[in-house]
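Hi,

Here is the structure I promised to send over. Have a look at it first, and my notes on what turned up follow below.

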Amino acid sequence: MTKHNNVVPNGHFKKHWQNHVKTWFNQPARKTSRRIARQKKAVKIFPRPTAGPLRPLVHGQTLKYNMKVRAGRGFSLEELKAAGIPKKLAPTIGISVDHRRKNRSLESLQANVQRLKTYKAKLVVFPRRACKAKAGDSTPEELATATQVQGQYMPVVLEKPTVELVKITDEMKSFKAYNKLRVEHTNERHVGGC
């Protein structure tokens with residue numbers, strides 16, 4: 001019997017570890033098959049963009065992420081109405097629609113309406129039948145020059161904040177920040193006192 005207050009030896013060593021080894025030898029083959037699948041999908045959905053329908057710009061939820069702009073689920077009905085696009089037509093021309101989303105600020109509404117207008121100006125609509133062109137379809141010249149957009153279409157571009165450089169003056173050099181902070185801290189503690 002072992003002496004002193006130690007852990008009772010209770011080792012689990014007969015585990016057949018070789019039965020539980022996870023290998024990853026199929027990774028290169030999977031990479032190839034995914035790439036081929038992407039190429040096949042691009043051919044199948046031609047001339048639509050490979051990245052799918054156009055998404056709106058939305059702000060992230062909660063205090064932590066609400067300053068970040070990202071791609072949302074779909075454009076609200078109000079945005080589509082302001083851009084002059086019928087809600088039934090939008091999904092057929094590559095615009096995602098989210099009927100539940102509400103516009104809570106004028107700035108985001110205007111930004112997304114502008115996004116829709118830009119998209120509509122660049123849009124090339126192919127006729128359903130090659131021999132019968134309807135109103136709203138693009139001209140034969142535009143159809144001839146149309147190419148499939150690879151990758152993200154109209155991606156979210158974040159503005160980089162600019163830094164303003166200022167000359168350091170003698171007044172700035174002579175300013176004692178720590179002393180000022182201590183004085184203000186003391187004043188705050190003694191506020192309301194006689």
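Glu184 has a relative accessibility of 38%, so it counts as partly exposed. Its salt-bridge partner is Lys180, with the closest N and O atoms 3.2 Å apart. Lys180 is partly exposed too, at 42% relative accessibility. Both residues belong to helix H7, which runs over residues 177-189, and they sit four residues apart, about one turn of the helix. Before you read too much into any distance here, please keep in mind that this is a predicted model.

That pair is one of three salt bridges in the structure. Another joins the side chains of Glu79 and Arg101, at 2.7 Å from N to O. Glu79 is in helix H3 and Arg101 is in the loop between H3 and H4, so this bridge ties together parts that lie 22 residues apart in sequence. Is Glu79 buried or exposed? With a relative accessible area of 0%, Glu79 is buried.

There is also a salt bridge between Asp98 and Arg100, where the closest N and O atoms are 3.5 Å apart. Here the two ends differ in how much they are covered: Asp98 counts as buried at 9% relative accessibility, whereas Arg100 is exposed, with a relative accessible area of 54%.

Now for the inside. In soluble globular proteins, nonpolar side chains tend to be buried together. The largest nonpolar core in this model has 14 residues, and the ones that touch the most other members are Leu54, Phe75, Leu80, Ile85, Ile95, Leu116 and Tyr119. Two elements give two or more residues to this core, helix H3 (77-83) and helix H4 (106-122). H4 supplies the largest share, four residues.

Tyr119 deserves a click of its own. If you leave aside the neighbours within four places in sequence, what is Tyr119 in contact with? The list is Leu54, Ile93, Gly94, Ile95, Tyr153 and Met154.

Tyr153 on that list leads to the one aromatic pair that the structure holds. Tyr119 and Tyr153 are arranged edge-to-face, with 5.6 Å from centre to centre and 70 degrees between the planes. Tyr119 lies in helix H4, while Tyr153 is in the loop between helix H5 (140-145) and helix H6 (170-174), so the pair ties together parts that are 34 residues apart in sequence. Both tyrosines are buried.

Met154, also in contact with Tyr119, is found in the loop between H5 and H6. With a relative accessible area of 17%, Met154 is buried. Its backbone caught my eye as well: phi of Met154 is near 50 degrees, a positive value in a residue other than glycine.

On the backbone more broadly, most residues other than glycine have a negative phi, and most peptide bonds are trans. Besides Met154, His16 has a positive phi, of about 55 degrees, although it is not a glycine. His16 is in the segment before H1 and is exposed, with a relative accessible area of 60%. Which peptide bond is cis, with omega near 5 degrees? That would be the bond from Phe46 to Pro47. You will find Pro47 in the loop between helix H1 (27-44) and strand E1 (57-59).

Last, a few things on the outside. Val166, Ile168 and Met172 make a nonpolar surface patch of about 330 Å². Met172 is placed in helix H6 and counts as partly exposed, at 47% relative accessibility.

Thr145, in helix H5, is exposed, with a relative accessible area of 62%. If you want to see how the chain runs on from there, pick out Thr145 and Glu164: they are 19 residues apart along the chain, and their C-alpha atoms are separated by 45 Å.

If you only have a few minutes, I would start with the aromatic pair of Tyr119 and Tyr153, then go to the salt bridge between Glu79 and Arg101, and finish at the cis bond from Phe46 to Pro47.

Cheers

Technical notes: Residues numbered from 1 in each chain as written. Predicted model: local features only at pLDDT ≥ 70, side-chain atom pairs only at ≥ 80, totals over all residues. Heavy atoms only, no water. Core = buried A, V, L, I, M, F, W, Y, C linked by side-chain atoms within 4.5 Å. Buried < 20%, exposed > 50% of the residue type's maximum accessible area, 1.4 Å probe, protein only. Contact = heavy atoms within 4.5 Å. Phe/Tyr/Trp six-rings, centres within 6.5 Å; stacked < 30°, edge-to-face > 60°. Patch = residues over 30% accessible without salt bridge, like charges linked within 9 Å, V, L, I, M, F, W, Y side chains within 5 Å. Areas by Shrake-Rupley, 256 points an atom, 1.4 Å probe, with all protein chains shown as cover. Salt bridge = Lys/Arg side-chain N within 4 Å of Asp/Glu carboxyl O.
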